[in-house]
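Me: Please take a close look at a single part of this model. I would like one connected description that explains its terms.

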Amino acid sequence: MRGYALQRLALGVGQLALLAVLVFVLTALLPGDAADVRNDEDATDAQVAALREQLGLDRPAVERFTDWAAGLATGDLGTSLVSGGPVRDILADTVGTTLVLGAVTLAVVLPLALLLGVVSGLREGGRLDRAVSSVTLALNAVPDFVLALLLVAGLSLKLGLLPATWVGVGTADLFAEPTLLVLPVTVVAARMVCLLSRQVRAGVVSVLGAGYVAQARRLGVPRRTLLLRHLLPNAAIPGIQELARVGDNLVGGVLIVEAVFAVPGVATALVRAVEARDVPTVQGLALVVAVAALLFSLAADLVCHRLVPRTEVLR
């Protein structure tokens, strides 16, 4: 287990180094820069050049990358070109909202996917199984942003049951207005529930057909004992493996719904930074998001390896 963890951690560090380079290159390719955005349309070329020099944007790309990477090594994400303050302050103001949204989504996804998967598997081929399979297959085919628009149009604009966006709320506390969480969590959770429940269902069907389950039945093992001690732990393994695979979907989905519903989290700050060409903030926030996805994937892989030691889920 320790060897696998070290091997997986080394792979994660390598992925993080490649991501840092990729984030820097992509932000360098953005059209325009902060000097162009901050200056008025009437500003002369000399004024734009002076501001570009003041912000350090005229330095060679290699030199800027070296300074940025050196700062990262010490935990410094850089300085915002807009606020003039540390990028970590922007992160501290927004990451709590994103973490709460992700945690609530997981709290909804895991029990719901397990319940649907187990119930469907126990009734393989029945009406309930066919209904759950049909709904999850159809829902999985709908892109997140399309589902978000449909829910807003139907539940918010048409029926007026739920608030459509975070605009005008005036607070970053997600629990101050719990109804605001319903639509964002529903959009992120929908695809994950579809994927995980189908894996759990497949696990249940496989376990029910195993020889040791048939033998336990012949020996008169109570149904509850059979379900809790033998069926659920083994049937949950495919779901956990799928959770490792879709971990990046959770991070990406949370960021998408933040942008769609104007939730004041990391994605909203990231969009504003891109609009202002605040490159250090874009680089810092993008890298933090990438690290979160890598850590989630690492944790899920370690759990899978602990449950099924022969499972190699290196990416």
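Reply: Contact means that heavy atoms lie within 4.5 Å. This is a predicted model, in which local features need pLDDT of at least 70, side-chain atom pairs count only at pLDDT 80 or more, and totals for chains, interfaces and linings use all residues. Residues are numbered from 1 along each chain as its sequence is written, and side-chain values use heavy atoms, with hydrogens and water left out.

The part chosen is helix 7, residues 144-158, together with what follows. Helices (H or I, at least four residues) are DSSP runs numbered from the N terminus. Helix 7 has 15 residues and reaches 20 Å from its first C-alpha to its last, close to the expected 21 Å; the expected span is 1.5 Å times one less than the number of residues. At Val 152 the helix bends by about 25 degrees, the angle between axes fitted to the seven residues ending there and the seven starting there.

Buried means under 20% relative accessible area, exposed over 50%, and partly exposed in between (1.4 Å probe, protein chains only). The buried residues of helix 7 include Leu 147, Ala 148, Leu 151 and Val 152. An α-helix has 3.6 residues a turn, so residues three or four places apart point the same way.

Just after helix 7, Gly 160 takes a positive phi of about 65 degrees. Pro 163 is in the loop between helix 7 and helix 8 (179-208). With a relative accessible area of 31%, Pro 163 is partly exposed. Not counting residues up to four places away in sequence, Pro 163 touches Ser 156, Thr 179, Leu 180 and Leu 183. Pro 163 and Thr 179 are 16 residues apart in sequence and 7.1 Å apart in space, C-alpha to C-alpha.

Notes
Helix = DSSP H or I, 4+ residues; strand = E, 2+ residues; numbered from the N terminus.
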